[in-house]
Amino acid sequence: MTPLARWARAEWGPLYGTVRGSLRERRLRAVPMTAGAVCLTAVVQLVQNQSWGYRPVQAMGAVRAADPLWLALLRTPLSLFVPALDLPVWGALVQILCVSGLAEVCLGRRRTLAVAYLATLAGTLYARVGIALGPHHLLGLPGTDAQVVDTGPSAAVVGLAVYLGRRYGAHVTAGGVAAAILAEALLKENLAGKEHLAALAVVALLCAAEAALGRRPPAPAGRAADDPARGAGRGAAGLHAPASGRARQGPR
């Protein structure tokens, strides 16, 4: 076995083993939440591009820092499934299918939802803090960003990718994602790049907290760790066994 093959096996072997076993056994039944999210995103894209559908979609899923906080929080869950109008929808669909699908198989639905929402919420709340700090602050944003429509799955995707990499020992992959987000923020000084950094920072803190509590990555099991239909009886041992964005109306 070549050094490159050994590295690839060490980097992605545990993740591959979990995904392969689950998909071979259950096929699409292993990722019902991801399949539903892809379908919902496609439907929302179709509706918002109709003359009668744009305003309802904006009313239910468009988040702006200028909105009252309670309204932004109410709209945030649906905003993950509202693709940016100025970006190809296939990009959002591929992000959801690949990253969310891997996370659903490896982490389970509840943990996937929790990490995705935490990353998205971090971006949403950061926008308000950044605007309050102002454009002259290192972490600040110009006041005009308060009117930017803030939708899409990219903050959730960033958070899930880094969290999944850490949990399954794919540290180079997780580091590569983090480096790409940092480069994006440096090259594109916009709301999307800095919200992605906020999502990355919150997930990094979550990973550090889990490490401090002594939680270890789950072993490849061929199924989602917290799927009640498939994982009953494993309890905490199954979870803690050792391992073998946005543009202008852009994605988080």
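Q: Buried means under 20% relative accessible area, exposed means over 50%, and partly exposed lies in between (1.4 Å probe, protein chains only). Why is D67 called buried?

A: D67 has a relative accessibility of 13%, which is under 20% and therefore meets the definition of buried. This is a predicted model, in which local features need pLDDT of at least 70, side-chain atom pairs count only at pLDDT 80 or more, and totals for chains, interfaces and linings use all residues. Residues are numbered from 1 along each chain as its sequence is written, and side-chain values use heavy atoms, with hydrogens and water left out.

Q: What makes the pair of R75 and D67 a salt bridge?

A: A salt bridge requires a side-chain nitrogen of Lys or Arg within 4 Å of a carboxyl oxygen of Asp or Glu. In this pair the closest N and O atoms are 3.3 Å apart, so the criterion is met. R75, at 12% relative accessibility, also counts as buried. The structure holds four salt bridges.

Q: How do you know that R111 and E210 tie together separate parts of the chain?

A: Their side chains meet in a salt bridge at 3.5 Å, N to O. R111 lies in helix α6 and E210 in helix α9, so the pair joins parts that are 99 residues apart in sequence. Helices here are DSSP runs (H or I, at least four residues), as strands are (E, at least two), and they are numbered from the N terminus.

Q: Which residues are linked with E210 in a network of salt bridges?

A: The network links R111, R166, R167 and E210. Within it, E210 forms a salt bridge with R167, the closest N and O atoms being 3.6 Å apart. This pair links E210 in helix α9 to R167 in helix α7, 43 residues apart. E210 has a relative accessible area of 5% and therefore counts as buried; R167, at 2%, is buried as well.

Q: What makes a set of residues in this model a nonpolar core, and how many residues has the largest one?

A: A nonpolar core is a set of buried Ala, Val, Leu, Ile, Met, Phe, Trp, Tyr and Cys residues joined through side-chain atoms within 4.5 Å. The largest has 28 residues, and C106 and V203 have the most contacts inside it. The elements giving two or more residues to this core are α1 (3-26), α5 (89-107), α6 (109-133), α7 (154-167) and α9 (191-212). Its largest share, nine residues, comes from α7. V203 touches V115, A119, G159, V162 and Y163 (heavy atoms within 4.5 Å), not counting residues up to four places away in sequence. A second, separate core of eight residues includes A65, A127, L191 and A198.

Q: Why is V172 called partly exposed, and to which nonpolar patch does this residue belong?

A: V172 has 49% relative accessibility, and therefore falls in the partly exposed class. V172 is found in helix α8 (residues 171-187) and forms a nonpolar surface patch with L4, W7 and W12. Patches are made of residues with over 30% relative accessible area and no salt bridge; like charges are joined within 9 Å, and nonpolar side chains (Val, Leu, Ile, Met, Phe, Trp, Tyr) within 5 Å. Together the four residues have about 420 Å² of accessible area, by the Shrake-Rupley method with a 1.4 Å probe, where for residues only the protein chains shown count as cover. The largest share of the patch, three residues, comes from α1.

Q: How do you know that the span of α6 is close to the expected one?

A: The expected span is 1.5 Å times one less than the number of residues. α6 has 25 residues and reaches 36 Å from its first C-alpha to its last, close to the expected 36 Å. Just after α6, G134 takes a positive phi of about 95°.
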